[in-house]
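Trainee: I am new to this structure. Please pick one part and take me through it closely, with enough about the rest to place it.

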Amino acid sequence: MNGTVIILKKELKRVFGDKKLVFSLFILPAIIMVALYGIMGFMMGKMSDDIEEHRNSVYVVNATEGFKNIISATGYDKNNDVIYLSEEEYRAAAKLDDDLAKKEDAIKTEEDFLNYQVKNNMVQLVVYFEKDFSKKYDSYTKSGDQIPSINLYYNPTENYSTNTYGVFTASIMNTYQSSLLKNRLEKEKIDMESLNVFNVVETTVAKEAKEKGKFISMMLPYMMVIMLFAGAMSVGVDAIAGEKERGTLASMLLSPVNRGQIVGGKIISLMILSGLSAIVYVVSMMVAMPVMKALGGESADMAQGLGNLELSLVQGLQLVAIMLTLVFLFVALIAFLAVRAKDVKTASTYISPVYIVVMVAGMLTMFMSGDKVPTYRYAIPVYGSAVAVKDLCVNELTAVNFLASLSGALILAVIFTVLITKSFNDERVMFNA
Amino acid sequence: MIQINELTKIYKLTAKKMQELKTKENTKIAVNNISLVAKPGEIYGLLGTNGAGKTTTLRCVATLLKPTKGQISVCGYDTVKDGQKVRDSIAFLTNEIKLDPNFSADYMFKFFGRLHGMSEEQIVARREELFNVFGINDFKNKKIEELSTGMKQKAAIAVSLVHDPEVVIFDEPTSGLDIVTARNVTDYLKFLRDQGKTVIVSTHIMSEAEKLSDRIGVIINGNKVAEGTLSEIISQNEAEDLEDAFFRLYSKHNPEGK
Ligand SMILES: Nc1ncnc2c1ncn2[C@@H]1O[C@H](COP(=O)(O)OP(=O)(O)OP(=O)(O)O)[C@@H](O)[C@H]1O
Ligand SMILES: [Mg+2]
C-alpha cells in the first residue's frame with residue numbers, strides 16, 4: 001500500500017473511531033446551528049406577534065365624525081384604545097397635570113405635553129386635527145386657499161409606537177383622505193374614476209435566475225468561505241500542531257516513507273474531514289432555515305432567500321470544484337502554519353489573523369456593485385473563488401473566470417503543500433534543532 | 001553495522017534558548033568529532049551524563065538530524081543521501097518520540113508494519129512473536145493513552161521492531177520501567193544481538209552499561225573519551241569498576257566541573 005493511503009486511512013480512523021470527536025466535530029455544530037436559528041426565528045416571531053397583538057393607546061384630538069366612522073369601520077378600536085378628546089379636554093388635561101408640569105420643566109406648551117406623553121409611552125400615537133379642520137375643508141374652493149392639516153406624534157425608537165404610526169399612515173389616514181376627496185369631487189360632479197389618467201404596468205427585465213439568486217449570491221460566497229475555513233481549522237490544527245506537540249508526528253518521520261507521501265496523506269485526510277464538516281454546516285443550515293421560518297413566521301423571511309438557489313448540473317459541479325480548491329487551499333494554509341508552530345497554542349495565534357483576512361476577502365463580495373470584475377481578479381485566491389460563486393448564483397460565471405478562480409486557489413495551495421513538505425524535511429522545524 | 005565517522009553536531013540556538021542556557025554563544029556543540037563503529041552481533045553501550053550528547057548522536061544515526069560535519073553509514077547506506085533506506089533498516093526508540101495515543105498498540109503495530117511495506121500475514125506473524133515476548137496481548141486493544149508508562153514503553157519497543165530490522169538503536173530503553181520489565185527488554189536486546197543484529201543502546205546507568213554492553217563508549221560533553229570492553233575501560237583507567245572509571249574520566253575531561 002502506498003504511504004499516502006496508509007496514513008490517510010489512519011487519520012480518518014482517528015476521527016471516526018472516536019465517538020466523542022465525531023460528536024464534537026460533526027454533530028454538535030449541526031445541533032448548535034439548528035438550535036441557534038430556531039431560537040432566532042422563535043424570538044423574531046414572538047417579537048412581531050407581540051407588536052401586532054399589543055393593545056395600543058391612541059389620542060385623537062378634535063376628531064371629525066368622518067374620521068371616527070373610519071376608525072370604527074376598520075375595527076381598529078376593538079383591539080386598541082382610541083381616546084377621542086376635544087380641544088378643551090386636551091387643554092384641560094395638559095393644564096391639570098400641574099405636578100407633571102413642575103417635574104418636567106420642558107413642558108411649557110400643550111404641544112410639549114403631547115410630546116411628553118408619546119415619548120414616555122403613555123400613548124403610542126397622537127392624531128391632532130387642527131382646530132378648524134372641518135371649517136377649512138369646507139371653505140376650500142380654489143387653489144391657493146388654505147388647506148387644513150393633521151399632526152401625528154409618534155416615537156420612532158419605540159416598536160409599538162412605530163407600528164401604530166405605520167398602521168395609521170398606511171391605511172387609516174389614506175382611507176380618510178380618499179373619502180374626503182370623494183366628497184369634494186362629488187360636490188363638483190367629477191367622477192372619482194376619471195382621476196385615474198393611466199395605469200402603470202411594471203415588468204421586471206432581469207433574468208429570472210438573477211432575480212431569484214440575488215439574496216443568496218450575497219450570502220453564499222461569504223458563508224462558504226468562513227465555513228470552509230472554520231471546518232479546516234477545527235480539524236487541521238490538532239492533526240498537525242497537536243501531533244507535533246505530542247511527539248507523534250516524529251514517529252511517522254521515522255518510517256521509510258517519503259515525506260511527501262506523509263504530507264499527502266495528512267492533507268487529503270484533512271480535506272476529507274473539513275469538506276465533511278463544511279457539508280454538515282451546509283446541511284444543518286438548510287434544515288435550520290425552515291425551522292427558523294416555522295418558528296418565526298413571516299418575519300423570518302430571510303430564510304426564504306436560501307431556498308431560492310437553483311443550479312443546473314454543470315453549475316453544481318462548478319460549485320463543487322470551487323469549494324474543493326478552496327478546501328485544499330485552506331487545509332494547506334492551516335497545515336503550513338500549524339507545522340511551523342511549536343504547539344497548538346502558537347498555531348492558533350498564527351491562524352487567527354489569517355482567518356480575519358479570509359473573512360474580509362469573503363465579505364468584500366457581499367457589498368460589490370454590479371460592475372464587471374476583470375478576469376485577473378478572479379485569480380486572487382479566496383477572493384476570486386468568492387466572486388466566482390457569487391456569479392454562479394446569478395448565472396453569470398464565464399468559463400474563463402471560472403478557470404481563473406480555480407487556478408489562483410490551486411496554485412497557492414500547491415505552493416503551501418510544497419512548503420509543508422520542505423518543513424517536514426527541516427530538522428529545525430520538526431525537532432527545534 | 002553502524003559507522004560514525006567524525007560526527008559533529010552543532011545546534012543553532014534561538015535567542016530564547018540562549019537565555020535559558022545563560023550563554024552568550026549562539027551555537028551549542030552537542031557532539032564533537034565522534035567516531036565509532038557498532039558491529040553486527042554486538043551491543044554497543046553509549047554511556048554519558050545528562051546532556052552529554054547521546055540522544056543527539058543517535059538521532060543523527062536515525063536520520064532525524066543531519067550531521068554538521070562527518071558522515072554516518074548504516075548497513076552501508078549514508079544517513080543523508082539514503083535516508084529512506086536507513087530508516088527501513090533500523091528500529092529507533094527514544095523518549096521524545098511517541099506512538100499516537102488515540103490508537104491501540106495493535107493498530108499502531110499494523111500501521112507501521114504497512115508503512116514498512118509488509119504484507120498483512122507478515123505483520124500478524126511478527127505481532128504474535130513480539131507481543132508474546134513483551135506481554136502486550138493483555139492490553140493490545142486498549143488505546144495507548146490508557147496505558148501505564150511501562151506498557152507504553154513495551155508497545156513502543158514492539159512497534160519499533162515490527163519490520164525485524166538489522167540495526168537496533170535504543171535511547172535509554174529502560175527508563176521508566178520496573179526491574180522485571182527492564183530485564184525483559186535487556187534480555188530481548190541480547191537475543192537480538194545473538195541473532196546477529198547490530199544493537200546500540202544509550203544509558204546513564206552504570207550497572208546497565210556494565211551488564212548489557214559488549215563494548216562501551218563513554219561520552220562527556222560531546223566528546224568520546226574512552227571506548228572498549230568493560231575490562232578494557234576499567235584497566236585503562238586503573239579503576240575498580242565502571243563507576244570508578246567514569247568518575248576518573250569525568251574529572252579528567254571536565255576540569256571545571258561543568
Ligand atoms: N534542539 C536543541 N537545540 C539546542 N540545543 C540542544 C537541542 N537538543 C539538545 N541540545 C543540547 O545538546 C546537548 C546534548 O543533548 P542530548 O539530548 O544529546 O544529551 P543526552 O546525552 O541525550 O542527555 P540525556 O541523558 O539528558 O538524555 C545538551 O547540552 C542539550 O542542551
Ligand atoms: Mg537523551
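Mentor: What follows is a close look at strand β8 of chain B and the parts around it, then some notes on the rest.

Residues are numbered from 1 along each chain as its sequence is written, while chains are lettered from A and ligands numbered from 1 in the order in which they are written. The model is predicted, with local features requiring pLDDT of at least 70 and side-chain atom pairs counting only at pLDDT 80 or more, whereas totals for chains, interfaces and linings use all residues; side-chain values use heavy atoms, without hydrogens or water.

Strand β8 of chain B covers residues 198-203. Helices (H or I, at least four residues) and strands (E, at least two) are DSSP runs, numbered from the N terminus. Six of the six residues in β8(B) are buried. Buried means under 20% relative accessible area, exposed over 50%, and partly exposed in between (1.4 Å probe, protein chains only). B:T198, B:I200 and B:S202 point one way from the strand, B:V199, B:V201 and B:T203 point the other way, and all are buried.

β8(B) has pairing partners, where two strands pair if DSSP finds at least two bridges between them. With β3 of chain B (residues 42-48), the pairing is parallel and has six bridges. In that pairing, B:Y44 stands opposite B:I200. With β7(B), β8(B) also runs parallel, and five bridges join the two. Here B:F170 is opposite B:V201. Between β7(B) and β8(B) the chain passes through α7(B), and this β-α-β crossover is right-handed. Right-handed means that, with the strands pointing away from the viewer, the path from the first strand over the helix to the second runs clockwise.

β7(B) and α7(B) also help to cover another helix, α6(B). That helix spans residues 149-160, 12 residues in all, and reaches 16 Å from its first C-alpha to its last, close to the expected 16 Å. The expected span is 1.5 Å times one less than the number of residues. Nine of the 12 residues in α6(B) are buried, among them B:Q153, B:K154 and B:I157. The cover over these buried residues includes β6 (90-93), α4 (105-115), α5 (120-133), β7 (167-171) and α7 (179-194) of chain B.

Elsewhere in chain B, B:K9 lies in strand β1 (residues 2-12). B:K9 counts as buried because its relative accessibility is 3%. Leaving out residues up to four places away in sequence, B:K9 touches A:E427 as well as chain B residues including B:I29, B:V31 and B:L65. Contact means heavy atoms within 4.5 Å.

Two residues have a backbone angle worth a note. Most residues other than glycine have a negative phi. B:E238 has a positive phi near 50° and sits in the loop between α9 (230-236) and α10 (242-253) of chain B. A:N62 has a positive phi near 60° and sits in the loop between β1 (57-61) and α3 (65-74) of chain A. B:E238 is exposed, at 66% relative accessible area, whereas A:N62 is buried, at 16%.

As for chain A, there are 19 helices and four strands, and 46% of the 433 residues are buried. The mean pLDDT (the predictor's confidence in each residue, from 0 to 100) is 84 in chain A, and 90% of the residues score at least 70. Among the elements of chain A, helix α13 (residues 302-306) has the lowest mean pLDDT, 53, and helix α18 (residues 399-424) the highest, 96. Where pLDDT is low, the predicted coordinates should not be read in detail.
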